[in-house]
Amino acid sequence: MTLISNSHESSIHDAALDYYGKRLATCSSDQTIKIFEIEGETHKLVDTLKQHDGAVWQVSWAHPKFGVILASASFDGKVIIWREENGKWKSLLEHTVHKASVNSVEWAPHEYGAVLLCASSDGQVSIFEVKENGTTHNVVFPAHEAGVNSASWAPVSTNKTGTTITSPTEPSEPLKRFVTGGCDNLVKVWNWDSVNNKATLESTLEGHADWVRDVAWSSSVLFKSYIASSSLDKSVIIWTQENNKGPWKKQYLTKDKFAEATWKVSWSLSGNILAVSSADNKITLWKENLSGEWESAGEVDQ
(Lines give C-alpha, C1' and ligand atoms only; values in the text may rest on other atoms or scores of the structure.)
Protein backbone atom coordinates (compact mmCIF):
# COMPACT_ATOMS: atom_id res chain seq x y z
CA MET A 1 0.00 0.00 0.00
CA THR A 2 1.27 3.46 -0.94
CA LEU A 3 0.65 6.10 1.73
CA ILE A 4 0.75 9.74 0.63
CA SER A 5 0.64 12.19 3.52
CA ASN A 6 0.88 15.97 4.00
CA SER A 7 0.20 16.57 0.31
CA HIS A 8 -2.33 19.40 0.78
CA GLU A 9 -2.75 22.26 3.24
CA SER A 10 -6.42 21.45 3.90
CA SER A 11 -8.98 18.65 3.58
CA ILE A 12 -8.64 16.30 0.58
CA HIS A 13 -12.00 15.72 -1.10
CA ASP A 14 -11.15 13.29 -3.90
CA ALA A 15 -8.34 11.13 -5.24
CA ALA A 16 -8.37 9.38 -8.61
CA LEU A 17 -5.96 7.09 -10.43
CA ASP A 18 -5.65 7.30 -14.20
CA TYR A 19 -6.52 4.46 -16.59
CA TYR A 20 -3.15 2.74 -16.13
CA GLY A 21 -2.84 3.36 -12.40
CA LYS A 22 0.40 5.27 -12.94
CA ARG A 23 -0.83 8.79 -12.09
CA LEU A 24 -2.79 9.96 -9.09
CA ALA A 25 -4.71 13.24 -8.91
CA THR A 26 -5.85 14.66 -5.57
CA CYS A 27 -7.91 17.78 -4.88
CA SER A 28 -8.52 19.83 -1.79
CA SER A 29 -10.10 22.77 -0.01
CA ASP A 30 -6.75 24.50 -0.47
CA GLN A 31 -7.96 25.18 -4.06
CA THR A 32 -5.27 23.04 -5.67
CA ILE A 33 -4.93 19.76 -7.55
CA LYS A 34 -1.79 17.70 -7.14
CA ILE A 35 -0.51 15.19 -9.67
CA PHE A 36 1.64 12.27 -8.48
CA GLU A 37 3.47 9.59 -10.40
CA ILE A 38 3.01 6.19 -8.78
CA GLU A 39 5.59 3.43 -9.18
CA GLY A 40 5.04 0.37 -7.02
CA GLU A 41 5.04 1.59 -3.42
CA THR A 42 6.73 4.89 -4.22
CA HIS A 43 5.26 8.18 -5.38
CA LYS A 44 6.54 11.51 -6.64
CA LEU A 45 4.75 14.86 -6.78
CA VAL A 46 5.14 16.12 -10.36
CA ASP A 47 2.88 19.19 -10.42
CA THR A 48 0.45 21.34 -8.44
CA LEU A 49 -2.38 22.83 -10.51
CA LYS A 50 -3.65 26.23 -9.35
CA GLN A 51 -6.47 27.98 -11.17
CA HIS A 52 -9.60 27.41 -9.10
CA ASP A 53 -10.85 30.10 -6.71
CA GLY A 54 -12.57 27.73 -4.32
CA ALA A 55 -12.40 24.25 -2.86
CA VAL A 56 -11.94 21.55 -5.51
CA TRP A 57 -14.45 18.78 -4.88
CA GLN A 58 -13.77 16.16 -7.53
CA VAL A 59 -11.39 15.14 -10.31
CA SER A 60 -11.92 12.76 -13.24
CA TRP A 61 -9.43 11.32 -15.74
CA ALA A 62 -10.39 11.04 -19.40
CA HIS A 63 -9.75 7.82 -21.31
CA PRO A 64 -6.15 7.79 -22.65
CA LYS A 65 -7.41 7.74 -26.25
CA PHE A 66 -8.04 11.49 -25.76
CA GLY A 67 -4.60 12.16 -24.28
CA VAL A 68 -3.49 12.79 -20.70
CA ILE A 69 -6.49 14.86 -19.63
CA LEU A 70 -8.04 15.61 -16.26
CA ALA A 71 -11.25 17.47 -15.34
CA SER A 72 -11.83 19.20 -11.99
CA ALA A 73 -15.00 20.54 -10.34
CA SER A 74 -14.94 23.35 -7.81
CA PHE A 75 -16.92 25.47 -5.38
CA ASP A 76 -16.08 28.43 -7.64
CA GLY A 77 -18.68 27.18 -10.15
CA LYS A 78 -16.12 26.16 -12.75
CA VAL A 79 -15.03 22.93 -14.35
CA ILE A 80 -11.47 23.07 -15.68
CA ILE A 81 -10.04 20.62 -18.19
CA TRP A 82 -6.29 20.13 -17.83
CA ARG A 83 -3.87 18.53 -20.28
CA GLU A 84 -0.33 17.20 -19.83
CA GLU A 85 2.01 17.71 -22.77
CA ASN A 86 5.69 16.85 -22.69
CA GLY A 87 5.63 16.62 -18.92
CA LYS A 88 3.98 20.02 -18.41
CA TRP A 89 0.42 20.56 -17.22
CA LYS A 90 -1.75 23.45 -18.39
CA SER A 91 -5.45 24.34 -18.41
CA LEU A 92 -7.03 23.55 -21.74
CA LEU A 93 -10.66 24.67 -21.32
CA GLU A 94 -13.02 26.13 -18.74
CA HIS A 95 -16.68 25.15 -18.46
CA THR A 96 -18.43 28.06 -16.73
CA VAL A 97 -22.19 27.63 -17.29
CA HIS A 98 -23.11 26.96 -13.66
CA LYS A 99 -24.13 29.65 -11.17
CA ALA A 100 -23.07 27.84 -8.00
CA SER A 101 -20.66 25.18 -6.79
CA VAL A 102 -19.99 22.32 -9.22
CA ASN A 103 -20.01 19.29 -6.94
CA SER A 104 -19.39 16.42 -9.34
CA VAL A 105 -17.68 15.79 -12.66
CA GLU A 106 -17.28 12.54 -14.58
CA TRP A 107 -16.16 11.61 -18.10
CA ALA A 108 -18.56 9.45 -20.07
CA PRO A 109 -17.57 6.01 -21.42
CA HIS A 110 -15.02 6.70 -24.15
CA GLU A 111 -17.31 5.18 -26.78
CA TYR A 112 -19.44 8.36 -26.48
CA GLY A 113 -16.51 10.70 -27.16
CA ALA A 114 -14.94 13.29 -24.85
CA VAL A 115 -18.10 14.10 -22.89
CA LEU A 116 -18.29 15.43 -19.33
CA LEU A 117 -21.21 15.10 -16.92
CA CYS A 118 -21.34 17.94 -14.35
CA ALA A 119 -23.65 18.42 -11.35
CA SER A 120 -24.14 21.71 -9.52
CA SER A 121 -25.70 23.27 -6.43
CA ASP A 122 -27.66 25.54 -8.80
CA GLY A 123 -29.97 22.55 -9.33
CA GLN A 124 -28.78 21.88 -12.84
CA VAL A 125 -26.76 19.25 -14.67
CA SER A 126 -24.67 20.04 -17.72
CA ILE A 127 -23.22 17.80 -20.40
CA PHE A 128 -20.09 19.29 -21.96
CA GLU A 129 -18.63 17.78 -25.12
CA VAL A 130 -15.21 18.48 -26.62
CA LYS A 131 -15.35 17.54 -30.29
CA GLU A 132 -12.46 16.17 -32.37
CA ASN A 133 -11.99 19.48 -34.18
CA GLY A 134 -11.51 21.27 -30.85
CA THR A 135 -14.94 22.92 -30.72
CA THR A 136 -17.14 22.47 -27.67
CA HIS A 137 -20.84 22.03 -27.07
CA ASN A 138 -22.83 22.03 -23.86
CA VAL A 139 -26.40 21.40 -22.74
CA VAL A 140 -27.74 22.52 -19.34
CA PHE A 141 -31.00 21.30 -17.81
CA PRO A 142 -32.71 21.29 -14.39
CA ALA A 143 -32.37 18.06 -12.43
CA HIS A 144 -32.93 18.62 -8.68
CA GLU A 145 -34.41 21.97 -7.69
CA ALA A 146 -32.64 22.18 -4.32
CA GLY A 147 -29.22 21.29 -5.77
CA VAL A 148 -27.41 18.35 -7.36
CA ASN A 149 -24.68 16.69 -5.32
CA SER A 150 -23.53 13.90 -7.60
CA ALA A 151 -23.90 12.35 -11.05
CA SER A 152 -22.59 9.13 -12.56
CA TRP A 153 -22.64 7.56 -16.04
CA ALA A 154 -23.90 4.06 -16.73
CA PRO A 155 -21.53 1.73 -18.56
CA VAL A 156 -22.22 0.90 -22.20
CA SER A 157 -25.18 -1.49 -22.05
CA THR A 158 -25.22 -4.84 -23.87
CA ASN A 159 -27.89 -7.52 -24.27
CA LYS A 160 -27.57 -11.28 -23.74
CA THR A 161 -25.79 -11.73 -27.06
CA GLY A 162 -23.19 -9.10 -26.17
CA THR A 163 -24.64 -6.61 -28.66
CA THR A 164 -24.78 -2.95 -27.62
CA ILE A 165 -28.29 -1.84 -26.66
CA THR A 166 -29.38 1.12 -28.76
CA SER A 167 -31.53 4.14 -27.98
CA PRO A 168 -35.27 3.69 -28.63
CA THR A 169 -35.38 7.13 -30.30
CA GLU A 170 -32.11 6.81 -32.26
CA PRO A 171 -31.54 3.14 -33.22
CA SER A 172 -28.09 3.96 -34.59
CA GLU A 173 -26.95 5.28 -31.19
CA PRO A 174 -26.15 3.28 -28.02
CA LEU A 175 -28.43 3.71 -25.01
CA LYS A 176 -26.76 6.40 -22.89
CA ARG A 177 -27.88 6.72 -19.29
CA PHE A 178 -26.75 8.41 -16.10
CA VAL A 179 -27.93 8.88 -12.52
CA THR A 180 -28.10 11.95 -10.29
CA GLY A 181 -28.57 12.51 -6.56
CA GLY A 182 -29.82 15.71 -4.98
CA CYS A 183 -30.76 17.79 -1.96
CA ASP A 184 -34.41 16.83 -2.53
CA ASN A 185 -33.57 13.35 -1.13
CA LEU A 186 -34.14 11.81 -4.57
CA VAL A 187 -32.17 9.66 -6.99
CA LYS A 188 -33.02 10.17 -10.67
CA VAL A 189 -32.16 8.04 -13.70
CA TRP A 190 -31.89 9.78 -17.06
CA ASN A 191 -31.61 8.84 -20.74
CA TRP A 192 -29.31 11.04 -22.83
CA ASP A 193 -30.15 11.56 -26.50
CA SER A 194 -26.88 12.94 -27.86
CA VAL A 195 -28.27 13.36 -31.38
CA ASN A 196 -30.99 15.77 -30.26
CA ASN A 197 -29.07 17.03 -27.19
CA LYS A 198 -31.86 16.12 -24.84
CA ALA A 199 -32.00 14.44 -21.42
CA THR A 200 -35.19 12.55 -20.54
CA LEU A 201 -36.08 11.51 -17.01
CA GLU A 202 -36.51 7.73 -16.92
CA SER A 203 -37.15 7.09 -13.22
CA THR A 204 -37.37 8.96 -9.92
CA LEU A 205 -36.23 6.75 -7.04
CA GLU A 206 -37.49 7.47 -3.51
CA GLY A 207 -36.05 5.94 -0.36
CA HIS A 208 -33.73 8.39 1.36
CA ALA A 209 -34.94 10.70 4.15
CA ASP A 210 -32.20 13.33 3.73
CA TRP A 211 -29.83 14.71 1.10
CA VAL A 212 -28.38 12.19 -1.30
CA ARG A 213 -24.67 12.92 -1.09
CA ASP A 214 -23.36 10.52 -3.73
CA VAL A 215 -24.51 8.15 -6.45
CA ALA A 216 -22.43 5.59 -8.33
CA TRP A 217 -23.44 3.37 -11.25
CA SER A 218 -21.65 0.02 -11.20
CA SER A 219 -19.39 -0.73 -14.16
CA SER A 220 -20.67 -4.31 -14.22
CA VAL A 221 -21.95 -5.30 -17.66
CA LEU A 222 -24.09 -8.17 -16.39
CA PHE A 223 -27.79 -8.25 -17.23
CA LYS A 224 -28.66 -6.33 -14.09
CA SER A 225 -27.88 -2.66 -13.53
CA TYR A 226 -26.64 -1.60 -10.08
CA ILE A 227 -26.72 1.93 -8.63
CA ALA A 228 -25.53 2.77 -5.11
CA SER A 229 -26.63 5.93 -3.30
CA SER A 230 -25.41 7.37 0.00
CA SER A 231 -27.16 9.93 2.17
CA LEU A 232 -27.06 12.16 5.23
CA ASP A 233 -29.78 9.84 6.59
CA LYS A 234 -26.97 7.36 7.43
CA SER A 235 -28.05 4.79 4.87
CA VAL A 236 -26.85 3.33 1.57
CA ILE A 237 -29.36 1.99 -0.94
CA ILE A 238 -28.64 -0.45 -3.78
CA TRP A 239 -31.00 0.05 -6.74
CA THR A 240 -31.23 -2.72 -9.35
CA GLN A 241 -32.92 -3.06 -12.72
CA GLU A 242 -33.18 -6.19 -14.86
CA ASN A 243 -32.05 -6.07 -18.50
CA ASN A 244 -31.96 -2.25 -18.62
CA LYS A 245 -35.72 -1.91 -18.50
CA GLY A 246 -38.63 -2.14 -16.12
CA PRO A 247 -38.87 -0.95 -12.51
CA TRP A 248 -35.91 -0.26 -10.22
CA LYS A 249 -35.85 -2.37 -7.04
CA LYS A 250 -34.67 -0.88 -3.75
CA GLN A 251 -32.51 -2.70 -1.20
CA TYR A 252 -30.84 -1.14 1.82
CA LEU A 253 -27.21 -2.13 2.09
CA THR A 254 -27.56 -2.80 5.84
CA LYS A 255 -30.57 -3.54 8.04
CA ASP A 256 -29.40 -0.97 10.59
CA LYS A 257 -28.27 2.52 9.73
CA PHE A 258 -24.60 3.46 9.68
CA ALA A 259 -23.27 5.21 12.78
CA GLU A 260 -22.83 8.46 10.84
CA ALA A 261 -23.86 10.00 7.52
CA THR A 262 -22.57 8.17 4.46
CA TRP A 263 -20.66 10.52 2.18
CA LYS A 264 -19.28 8.57 -0.75
CA VAL A 265 -19.90 5.28 -2.58
CA SER A 266 -17.49 3.78 -5.09
CA TRP A 267 -17.54 0.52 -7.05
CA SER A 268 -14.50 -1.63 -7.81
CA LEU A 269 -13.36 -1.79 -11.44
CA SER A 270 -15.16 -5.11 -11.86
CA GLY A 271 -18.30 -3.59 -10.38
CA ASN A 272 -18.90 -6.24 -7.70
CA ILE A 273 -17.34 -4.65 -4.59
CA LEU A 274 -18.75 -1.44 -3.10
CA ALA A 275 -16.73 0.91 -0.90
CA VAL A 276 -18.62 3.23 1.46
CA SER A 277 -17.06 6.17 3.29
CA SER A 278 -18.86 7.74 6.23
CA ALA A 279 -18.57 10.78 8.48
CA ASP A 280 -16.83 8.74 11.21
CA ASN A 281 -13.76 8.46 8.92
CA LYS A 282 -14.41 4.79 8.17
CA ILE A 283 -14.31 3.10 4.75
CA THR A 284 -16.12 -0.23 4.60
CA LEU A 285 -16.29 -2.75 1.75
CA TRP A 286 -19.38 -4.73 0.73
CA LYS A 287 -20.25 -7.51 -1.71
CA GLU A 288 -23.39 -9.31 -2.79
CA ASN A 289 -23.67 -12.99 -1.84
CA LEU A 290 -25.34 -15.74 -3.85
CA SER A 291 -28.68 -15.14 -2.13
CA GLY A 292 -28.71 -11.50 -3.17
CA GLU A 293 -27.89 -10.10 0.27
CA TRP A 294 -25.06 -7.63 0.87
CA GLU A 295 -22.39 -8.62 3.36
CA SER A 296 -19.26 -7.04 4.77
CA ALA A 297 -16.07 -7.59 2.77
CA GLY A 298 -13.79 -5.81 5.22
CA GLU A 299 -12.67 -2.35 6.19
CA VAL A 300 -9.92 -0.12 4.86
CA ASP A 301 -7.47 0.39 7.72
CA GLN A 302 -5.56 3.39 6.41
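Two strands count as paired when DSSP finds at least two bridges between them. With that in mind, the chain can be followed from its beginning; note that the model is predicted.

Strand 1 (residues 12-17) and strand 2 are antiparallel partners, with five bridges between them. Together strand 1 and strand 2 make a hairpin that has five residues between the strands. In this turn, Gly-21 has a positive phi of about 70°. One bridge can be picked out by its residues: Leu-17 is matched with Leu-24 in strand 2.

Strand 2 (residues 23-28) also pairs with strand 3 (residues 32-39), again in the antiparallel sense and over five bridges. Here Leu-24 stands opposite Phe-36 in strand 3. The hairpin of strand 2 and strand 3 has three residues between the strands, and Gln-31 has a positive phi near 75°. How many of the six residues of strand 2 are buried? Five of the six are, and strand 2 is mostly covered.

Further along the chain, four strands form an open sheet in the order 5-6-7-8, with antiparallel pairing. Strand 5 (56-61) and strand 8 (88-95) are at the edges; each has a single partner strand, so one side of each has no neighbour in the sheet. From one strand to the next, the twist averages 25°. Strand 5 is joined to strand 6 (residues 69-74) by five bridges, and the two run antiparallel. Within this pair, Val-56 stands opposite Ser-74 in strand 6.

An unreviewed UniProt entry carries the annotation "domain: Anaphase-promoting complex subunit 4-like WD40" for residues 69-153. This span is 64% strand and 0% helix, and its end C-alpha atoms lie 18 Å apart.

The next topic is the interior. In soluble globular proteins, nonpolar side chains tend to be buried together. The largest nonpolar core in this model has 18 residues. Those that touch the most other members are Leu-117, Val-125, Ile-127, Phe-141, Trp-153, Phe-178 and Trp-192. Two or more residues of this core come from each of strand 10 (114-120), strand 11 (124-130), strand 12 (136-142), strand 13 (148-153) and strand 15 (186-193). Trp-153 can serve as an example. Beyond its neighbours within four places in sequence, Trp-153 is in contact with residues that include Trp-107, Pro-109, Tyr-112, Leu-117, Ile-127, Phe-178, Trp-192 and Trp-217.

Polar residues can be followed in a similar way. His-208 sits in the loop between strand 16 (198-206) and strand 17 (212-217). Is His-208 buried or exposed? Its relative accessible area is 9%, so His-208 is buried, as buried means under 20%. The side chain of His-208 makes a polar contact of 2.8 Å with that of Ser-229 and another, of 3.1 Å, with that of Asp-233. Neighbours within four places in sequence aside, the residues in contact with His-208 also include Asn-185, Val-187, Ser-230, Ser-231, Ser-235 and Ile-237.

A second loop residue is Asn-244, between strand 19 (236-242) and strand 20 (249-252). Asn-244 counts as buried because its relative accessibility is 15%, and the limit is under 20%. The side chains of Asn-244 and Ser-225 are joined by a polar contact of 3.3 Å.

Technical notes
Residues are numbered from 1 along each chain as its sequence is written. This is a predicted model: local features need pLDDT of at least 70, side-chain atom pairs count only at pLDDT 80 or more; totals for chains, interfaces and linings use all residues. Side-chain values use heavy atoms; hydrogens and water are left out. UniProt positions are given in the numbering used here, feature names are shortened, and annotations may be inferred rather than shown by experiment. Buried means under 20% relative accessible area, exposed over 50%, partly exposed in between (1.4 Å probe, protein chains only). A polar contact is a pair of N or O atoms within 3.5 Å; within protein, one must be able to donate a hydrogen and the other to accept it, and residues adjacent in sequence count only if both atoms are side-chain atoms. Contact means heavy atoms within 4.5 Å. Axes are lines fitted to C-alpha atoms, for helices over the stretch in contact, and angles run from 0 to 180 degrees between N-to-C directions. A nonpolar core is a set of buried Ala, Val, Leu, Ile, Met, Phe, Trp, Tyr and Cys residues joined through side-chain atoms within 4.5 Å.
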